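Colleague: I have a few "how do you know" questions about this model. Could we go through them together?

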Amino acid sequence: MELSERLKKLPPYLFVEIDREKRQAREAGRDIIDIGIGDPDQTPPQFVLDALSASLKEPGVHRYALDQGAPEFRNAIAEWYKTRFNVKLNPDTEILPLIGSKEGIAHIPLAFVNPGDYTLVPDPCYPPYKGGTIFAGGEPYLMPLLEANAFLPDLGAIPAAVLKKSKLIYINYPNNPTAAVADTAFYRRVVEFAAKNKLAIISDLAYSEIAYDAYKAPSMLETKDAKEVTIEFHSFSKTFNMTGWRVGWACGNAALISALGKVKSNIDSGVFTALQKTGAAALGAKTGHVEKMNKLYQERRDTLIDGLNSIGWKVPMPKATFYVWARLPKGNSSSIAFSQKLLKDADIVATPGVGFGKAGEGYIRMALTVQKERLQQAVERIKKIL
Ligand SMILES: *Cc1c(COP(=O)(O)O)cnc(C)c1O
């Protein structure tokens with residue numbers, strides 16, 4: 001069978017060679033330190049596991065879920081938003097459970113993008129922004145995230161002809177892969193820009209709770225008039241170490257929520273109700289889990305950054321996310337070549353920046369998802385190859 005045009009249009013997968021080398025290294029029994037993937041190494045907190053066990057015993061949870069989600073879950077999300085961001089949401093019209101936020105992020109272009117339309121996508125970025133756009137027949141217009149602009153897109157640089165045909169703008173702070181954060185002044189500019197150019201804002205807040213040094217990430221929805229133009233995506237994956245569970249939500253503008261719900265009702269049959277009840281329990285609990293988790297990542301962050309700085313590789317301290325986005329050490333220009341060198345000579349897996357987009361070239365992403373001792377070891381090994 002000939003592949004569809006949409007599949008052929010997806011950006012090439014750049015990690016084929018590195019994946020192969022990683023597999024070979026593992027099979028050869030080498031002691032690999034994998035700081036390549038953004039998947040927490042910790043398990044979900046015990047109270048979340050207990051909540052799931054309890055939910056499983058409730059009658060009714062095993063049947064098809066409601067498309068709009070369990071009222072108990074939507075109410076808990078509304079409550080959490082009020083407490084966390086001081087934003088009021090209507091649980092009936094402004095909140096939609098998702099099978100992980102990736103699912104909703106990838107599906108939303110199907111609701112708004114026609115062939116020939118653009119979406120405005122940061123470069124580097126989380127890959128489903130591009131994939132979802134291409135599946136809907138649209139074309140991603142890449143907004144470079146440059147260090148000189150604190151990894152924020154330059155909205156003024158987008159050509160008028162592109163803007164006229166653009167439907168969505170993707171905004172993701174705290175950012176994967178650059179670990180950059182955005183302030184409320186930037187969000188205000190984005191909301192005004194979206195209103196003026198008739199764009200919907202896709203705000204991806206997957207890392208809102210992973211932050212250091214008392215930094216607290218704002219929500220786009222805190223911005224004046226944001227709810228006219230914004231749909232925001234949240235995930236339990238990073239906040240509660242639940243990547244494999246597949247549960248998240250979208251919230252914000254009721255028309256955007258309803259359109260995404262319409263797409264989804266033709267594709268899936270909702271989120272397992274026991275997971276929604278567990279999600280409600282997780283958001284409602286005051287257990288200090290988030291503080292404990294951030295303390296752990298912060299120790300790892302300090303270990304890695306202080307270590308790298310001490311061996312002469314100057315890397316900035318991230319304020320949020322569990323990523324470190326580092327310019328390649330002097331003398332290196334290809335992120336793929338440097339990743340291969342890390343693997344071959346230091347038994348370390350890290351992600352080449354160019355894999356997230358052209359503007360990611362010259363950088364490498366390291367994830368704080370291994371123990372502190374392993375990060376110390378990684379620094380020792382890197383010291384030998386620099
Ligand atoms: C991990 C991640 C997500 C969330 O994933 P789900 O597991 O699908 O909820 C969303 N956006 C970014 C930028 C991520 O890194």
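Modeller: Gladly! This is a predicted model, and its chain is divided into domain 1 (5–44 + 289–385) and domain 2 (46–284). Their centres, taken over C-alpha atoms, are 26 Å apart.

Colleague: What makes residues of domain 1 and domain 2 count as part of the contact?

Modeller: The cut-off is heavy atoms within 4.5 Å. By that rule, domain 1 supplies 34 residues and domain 2 supplies 36 residues.

Colleague: And how much area do domain 1 and domain 2 bury between them?

Modeller: About 3100 Å², with 63% of it on carbon and sulfur atoms. That value is the accessible area the two parts lose on being put together, summed over both.

Colleague: Why is the meeting of Asp213 and Arg301 called a salt bridge?

Modeller: The rule asks for a side-chain nitrogen of Lys or Arg within 4 Å of a carboxyl oxygen of Asp or Glu. Asp213 and Arg301 have an N to O distance of 3.2 Å, so the pair qualifies. Across the interface of domain 1 and domain 2, the rule finds two salt bridges, and 17 residue pairs are in polar contact there.

Colleague: Which elements give two or more residues to the side of domain 1 that touches domain 2?

Modeller: They are helix 1 (5–9), helix 12 (289–310), strand 9 (323–327) and strand 12 (363–367). Helix 12 gives the most, with seven residues. By residue class, this side of domain 1 has 17 nonpolar, nine polar and eight charged.

Colleague: Strand 9 also belongs to a sheet. What makes strand 9 and strand 11 edge strands?

Modeller: The open sheet has three strands in the order 9-12-11, with antiparallel pairing. Strand 9 and strand 11 (351–352) each have a single partner strand, so one side of each is left without a neighbour in the sheet.

Colleague: How do you know that strand 11 and strand 12 pair?

Modeller: Pairing needs at least two bridges, and two bridges join these antiparallel strands, so strand 11 and strand 12 meet the rule. Thr351, for instance, has Arg365 in strand 12 as its bridge partner.

Colleague: What is unusual about the backbone, given that most peptide bonds are trans?

Modeller: Tyr173 and Pro174 are joined by a cis peptide bond, with omega about -10°. The bond from Asn176 to Pro177 is cis as well, with omega near 15°. Pro174 is in the loop between strand 5 (166–171) and helix 9 (184–196), and Pro177 is found in the loop between strand 5 and helix 9 too. Ala150, which is not a glycine, has a positive phi of about 55°.

How values were computed. Residues are numbered from 1 along each chain as its sequence is written. This is a predicted model: local features need pLDDT of at least 70, side-chain atom pairs count only at pLDDT 80 or more; totals for chains, interfaces and linings use all residues. Side-chain values use heavy atoms; hydrogens and water are left out. Domain bounds come from an automatic or database domain assignment. Buried area is the accessible area (1.4 Å probe) that two parts lose on being put together, summed over both. A polar contact is a pair of N or O atoms within 3.5 Å; within protein, one must be able to donate a hydrogen and the other to accept it, and residues adjacent in sequence count only if both atoms are side-chain atoms. Helices (H or I, at least four residues) and strands (E, at least two) are DSSP runs, numbered from the N terminus. Ala, Val, Leu, Ile, Met, Phe, Trp, Tyr, Cys and Pro count as nonpolar, Asp, Glu, Lys and Arg as charged, and the others, Gly among them, as polar.
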